[in-house]
Amino acid sequence: MMVEDDIGLQKQMRWSFDRYNVIFAQDRESALALLRRHEPVVVTLDLGLPPDPDGTSEGFATLEQIVALAPDTKVIVLTGQNDRGNALKAVGSGAYDFFAKPFEADILGLVIDRAFRLADLERENRLLQQRQAGDTPLDGLLTRDPGMQKLCRQIEKLAPTTATVLLNGESGTGKELFARALHQLSPRKDKRFVAINCAAIPETLLESELFGHEKGAFTGAVKQTPGKIEVADGGTLFLDEIGDLPQSLQAKLLRFLQERVIERIGGRSEIPVDVRVICATHRNLRERIAEGAFREDLFYRLAEMIVAIPPLRERTGDATLLAHAFVQRFAQQNGRGKLTLRDDALAAIEHHPWPGNVRELENCIKRAVIMADGSTIGAEDLGLQAVDDDTAALNLRVVRDECEKQAVIKVMSRVEGNVARAAELLGVSRPTLYDMLNRFGLR
């Protein structure tokens, strides 16, 4: 972006830098609007801007706002030949470099090229730092959905605490992955992580599994055996499918959570246990409480913090992102070489509701990798119904126009048609807003 109010100079710059996609701004308002919309990597900024073309106040104000809004953008300030003081002040205010006017296009072009290269290097460096610093248990989670990324930050905040966490989500959404992340990111990471599925063990055995038993406590109890709670002492106990815990054990679990002591079956002494409890369920526990199948007091003990994990169908873009990753993993494991997903397969993946969530998707891709002929995987290989993919919905111009239209409608409604206020909220000039209103047929 070039911020320059001289029309003749604009034409010269457009001709001199035709190898770039150049956009022009004439003043601070239009510069900030274009900055928000296009996010240019490099900006050249003339300090003499209206309404103070002979001074520098408006130019410095524009520089200050650009640096605040887009700190990674490289701003090259254009100054007069004998304006070294303002040039140094501009660099001190956050400008990348300065260049004297009138300029030689070839030399200014070298400065601009260098600014682009530096911006690329800084971006690569940030990515490398993120990868190195991101070596956490949550690296096993692939997502580009903003809601899931927010959930990951929530998990990172909860992990160092002692709060009992209830993970709520459909089957296959990754509840155990989050539970292990809570453990690995906590001060208890060097101790045991003990998991037990409350729905997978018969009621008659579950009490012994949880609390342990003494020798001779019942037929077949040939030795003293500590339960899962005791084994997890100092670490983390993960109670999966807690919504299916039999009522006969709910009172005993509640007492443990209150007192932090257990008694083995057949035992008479209380054993103190220091353990962090994490629970998970796919059921609605409030409905279970209303049905009389789950104790309300136990629910409030378990649900000090509730983390709701969204299903795969609500995570924008994650199904195809995960599908590509699974194809690479299973192709490597099964010696299939390079395999790719065809467009019909990707469209089918995007439209499938995935009731089994990530686990269903993983099994579907694994089967397709093994059974597919050739180097591509289609919707038929996945066992999914082919759909008509609306490629127009992927056209950025169409998507941008629709988003802009909806934003204009929303803002104009909010400000009751006040064009000046609407332009300010949208970050565009009033002439630009009038053009948009005409383009979208809005009055």
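This report walks through the domains, sheets and largest pocket of one chain.

The model is predicted.

**Domains**

The chain is divided into four parts, listed here.

| Domain | Residues |
|---|---|
| domain 1 | 2-128 |
| domain 2 | 146-310 |
| domain 3 | 313-391 |
| domain 4 | 395-439 |

Between the centres of domain 3 and domain 4 lie 39 Å, taken over C-alpha atoms.

A database record adds one more span. In an unreviewed UniProt entry, the annotation "domain: Sigma-54 factor interaction" covers residues 141-370. Helix makes up 44% of residues 141-370, and strand makes up 15%. The end C-alpha atoms of that span are 24 Å apart.

**The sheet β2-β1-β3-β4-β5**

Begin with the open sheet whose order is β2-β1-β3-β4-β5. Five strands form this sheet, and the pairing is parallel. Its edge strands are β2 (24-25) and β5 (97-101). Each of these edge strands pairs on one side only.

Look next at one pair in this sheet. Strand β4 covers residues 74-80 and pairs with β5. The pairing runs in the parallel sense over five bridges. Here Gly80 stands opposite Lys101 in β5.

**The sheet β7-β10-β13-β6-β14**

Another open sheet has five strands in the order β7-β10-β13-β6-β14. Its pairing is parallel. Which strands stand at the edges? They are β7 (193-197) and β14 (305-308). Each has a single partner strand, so one side of each is left without a neighbour in the sheet. From one strand to the next, the twist averages 20°.

The partner of edge strand β14 is β6 (residues 165-168), and the two pair in the parallel sense over four bridges. One residue pair marks this contact: Asn168 has Ala308 in β14 as its bridge partner.

A helix joins the picture here. Helix α6 (residues 146-158) packs on the sheet. Helix α6 touches β6, β13 (276-281) and β14. The direction of α6 makes about 155° with that of β14.

**The largest pocket**

How much volume does the largest pocket have? The value is about 480 Å³. The lining of this pocket is made of 23 residues. Closest to the pocket centre are Gly172, Thr173, Gly174, Leu177 and Val358.

Four elements are named for the lining. Two or more residues come from each of α7 (175-184), β10 (236-240), α13 (318-333) and α15 (357-371). Strand β10 also has a place in the sheet β7-β10-β13-β6-β14, so named above.

Key:
Residues are numbered from 1 along each chain as its sequence is written. This is a predicted model: local features need pLDDT of at least 70, side-chain atom pairs count only at pLDDT 80 or more; totals for chains, interfaces and linings use all residues. Side-chain values use heavy atoms; hydrogens and water are left out. Two strands pair if DSSP finds at least two bridges between them. Axes are lines fitted to C-alpha atoms, for helices over the stretch in contact, and angles run from 0 to 180 degrees between N-to-C directions. Contact means heavy atoms within 4.5 Å. Domain bounds come from an automatic or database domain assignment. UniProt positions are given in the numbering used here, feature names are shortened, and annotations may be inferred rather than shown by experiment. On a 1 Å grid over the protein atoms alone, a cavity is a set of points where a 1.4 Å probe fits but cannot get out, and a pocket is an open set with protein on both sides within 12 Å along at least five of seven lines; lining residues have an atom within 4 Å of a point. Grid points are joined across faces, edges and corners, and a volume is the space filled by probe spheres set on the points.
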